[in-house]
Amino acid sequence: MEIDFSEYRLSCQLRGHEDDVRGICVCDNVGIATSSRDRTIRFWTLGRSNNRDYTMSKILLGHTSFVGPLAWVSPKEEFPEGCIVSGGMDTLVFVWNLATGEKVQTLKGHQLQVTGITLDDSEIVSSSVDCTLRRWRGGQQIEAWEAHKAAIQAVIKLPSGELVTGSSDTTLKLWKGKTCTRTFVGHTDTVRGLGVMPGLGILSASHDGTIRLWALSGEVLMDMVGHTSIVYSVDAHVSGLIVSGSEDCFAKIWKDGVCVQSIEHPGCVWDTKFLENGDIVTACSDGVVRVWTVHQEKIADPLELESHASQVSQYKCSRKRVGGLKLEELPGLEALQIPGTSDGQTKVVREGDNGVAYAWNMREHNWDKIGEVVDGPDDSMNRPVLDGTQYDYVFDVDIGDGEPIRKLPYNRSENPYTTADKWLLKENLPLSYRQQIVEFILQNSGQRDFALDSSFRDPFTGSSAYVPGQPSIMSAVSTKPTLKHIPKKGMLVFDVAQFDGILKKVAEFNNALLSDPEKKNLSMTEIDISRLGAIARTLKDTSHYHTSRFSDADIILVLKLIKLWPLEMIFPVIDILRMIALHPDGAAVLLKHINDGNDTLMELIQKATKSPLPANLLTSIRAVTNLFKNSCYYPWLLKHRGEILDAFSSCYSSSNKNVQVSYSTLILNYSVLLIEKEDEEGQSQVLSAALEIAEEEKLEVDSKFRALVAIGSLMVEGLVRKIAVDFDVENIAKLAKASKDTKIAEVGADIELITKPS
């Protein structure tokens, strides 16, 4: 099918998602499936009344975190309406029966976020941030292999049958079975999206802002440059057109390597796809799916076109700066009702989409209009960009001593002292450079009348600021950024217990067993009751922990009750176990019984999470968390890390706030241990769990704070900083920094500071 290029116009807007739309899947001529940060997949079908509007016909619910890649399984006898395959941040791949909207398969195996899904005949192939490709058949994993040494961001199947992967290691790889037959090298940053160019080769979209077309031989046939930020997606049509979506809020259409149209959106464009008829579907961070067309009869009505233009205008307005000031923050015309205080005093106000300057005329006692304030021709396109962000200035700074040239970004609306402080910390440079950097900024941005602050005292060293005219101290020794809450050192434990209440509850349950003829044999004897009381007294007397001892019989009694008592009665006994883990001798005796081949602790975890009663969940998580107090448990905790984290993985979304906090504490302790052990695979799993908590909106403050501290610690001292950056940790940091809670905001600022490369 050939289509001559003419300008694409909006056809329709699909509303329903409650957060960023992350993925698009074109389901033949049946409809369109979309995935979102709101944890849903939605299916849209073309309305019968016309050939333009889509209706949401299905909402698929099941993922516990945001959903990304999608794939379409064509209808067959077992599934007459076809299936959708989805992958999520929750590490799972689901297969959905579109007829019923129900999950028919849950594919478990990936340790981190699922980033790509493709079909290979009747088999499913998935990629993940865990660096693996996994092949599934009939709901079972049949093979898995490490395809890259860094996160895999996308996987596609070529018409010839080979697979292609794109990775954070900046390369593409061509696969025949599990054998890599070619590595494509050329991008300078993460390869984020892949596509097939019919008859020619492979398309790749990268964080380096470019799109490349590769021949299967590895030759670069075309390099498309035009986006000003990360390119997330790319797709091609049989007509030869290419479409790409980017962080810069544009979907761009390319023909023969040239950008022929840029379609602006009111937010980041996460995904782009062609329909068979040449129409384009885009997924935007504003939660709206849009269809674009060249067919006149399918163009949206004027009201909808105007509505979209207004959305884009409002979004641009929220980001637009005039004279270095945010347009949306300028006062309106009502500000001119307040008289000036001196002749010539200026005031900038907002008029429509522009900032207009006025000067106070003392003689006439009114404000005289000076004119519109501008930042230069086309602020959005000509302002320099650094790390995907636009600035008024990006200076080259040469600090000498053979050091490389550093990039210093600056906006005129910022306090130059604040900019200097942040930049010096980010670049690991001495804070004694501060005043010289401020003067450099003022001189090169043309600000001659800024009052220099020579009274400054360095909050980190206590030393005074550099004063012009005095010799400067250019120490060659760099200082690391000073962070308020990270990295975390040491382990957190739950060491408070109400022993009287615990024993009272145990006695209550024991009496219930005694009165039940069928369960009487499970009850404790008088000797057992006496022994349990003695255990509690020993645990209560913390001043003698260094001399008090536990017998094997003490520990055997506690483990026996946990193993044999009814599930709903074991939580007070688990609480006693929690405190035993903090006692030096008690912990040692307990470990001996765990290592004797009868691992009651793992049985406890499986028992507590199989039928998750809040009290059992709470006490069992806290018991496991307290094991981190004693290093003798580290081998056991490392050996069972995957099982433990999987078992408790749903606890972050519990309605019980104490369960939330306990789970976050477990994650934080694991981050400290895995950093110490330099266990990259384990750090990746814990990072994924911590990010899942940090992304959850309705969480207890302490829970979110501990997850953020875990993330920051893993980035600063662990081996997973790049994975965290690919997980969009910068956005998580920004949201945290804007929190009303002080400590959340502070740790958000810490993470933001370490996100930028030093």
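Start by selecting I24, L70, I156, L194 and K273: of the 49 residues that line the second largest pocket, these lie nearest its centre. Keep in mind that you're looking at a predicted model. The space inside this pocket comes to about 1500 Å³. Curious how such spaces turn up? Rolling a probe the size of a water molecule over the atoms shows where empty space is left.

Now colour the lining by residue type. You'll get 28 nonpolar residues, 11 polar ones and 10 charged ones.

Which strands supply the lining with at least two residues each? Select strand 2 (21-27), strand 6 (67-73), strand 10 (114-120), strand 14 (152-157), strand 18 (191-197), strand 22 (231-236) and strand 26 (269-274). Strand 10 gives the most, with 6 residues in the lining.

**Stop two: strands 14 to 17**

Pick strand 14 from that group and follow it away from the pocket. Strand 14 belongs to an open sheet of 4 strands, arranged in the order 14-15-16-17 with antiparallel pairing. Strand 14 and strand 17 (179-184) are the edges; each has a single partner strand, so one side of each is left without a neighbour in the sheet. If you look across this sheet, neighbouring strands are turned by 25 degrees against each other on average, ignoring direction.

Zoom in on strand 14 and strand 15 (residues 163-167), an antiparallel pair joined over 5 bridges. Here you can find I156 again, one of the residues nearest the pocket centre. Across from I156, in strand 15, is V164. What holds partners like these together? Strands of a sheet pair through backbone hydrogen bonds, either parallel or antiparallel.

**Stop three: strands 18 to 20**

Next, jump to strand 18, another strand that supplies the pocket lining. Strand 18 pairs with strand 19 in the antiparallel sense, over 6 bridges. Click on V196 and look across to strand 19, where I202 stands opposite. The hairpin these two strands make has 3 residues between the strands, and G199 there takes a positive phi near 80 degrees.

Stay on I202 and look to strand 20 (residues 210-214): W214 is opposite I202 there. Strand 19 and strand 20 are an antiparallel pair too, with 4 bridges. Their hairpin has 3 residues between the strands, and G209 in the turn has a positive phi of about 90 degrees.

Last selection: residues 201-206, which make up strand 19. Are they buried or exposed? 6 of the 6 are buried, so strand 19 is largely enclosed by the rest of the structure.

Note on methods:
Residues are numbered from 1 along each chain as its sequence is written. This is a predicted model: local features need pLDDT of at least 70, side-chain atom pairs count only at pLDDT 80 or more; totals for chains, interfaces and linings use all residues. Side-chain values use heavy atoms; hydrogens and water are left out. On a 1 Å grid over the protein atoms alone, a cavity is a set of points where a 1.4 Å probe fits but cannot get out, and a pocket is an open set with protein on both sides within 12 Å along at least five of seven lines; lining residues have an atom within 4 Å of a point. Grid points are joined across faces, edges and corners, and a volume is the space filled by probe spheres set on the points. Ala, Val, Leu, Ile, Met, Phe, Trp, Tyr, Cys and Pro count as nonpolar, Asp, Glu, Lys and Arg as charged, and the others, Gly among them, as polar. Buried means under 20% relative accessible area, exposed over 50%, partly exposed in between (1.4 Å probe, protein chains only). Two strands pair if DSSP finds at least two bridges between them. Axes are lines fitted to C-alpha atoms, for helices over the stretch in contact, and angles run from 0 to 180 degrees between N-to-C directions.
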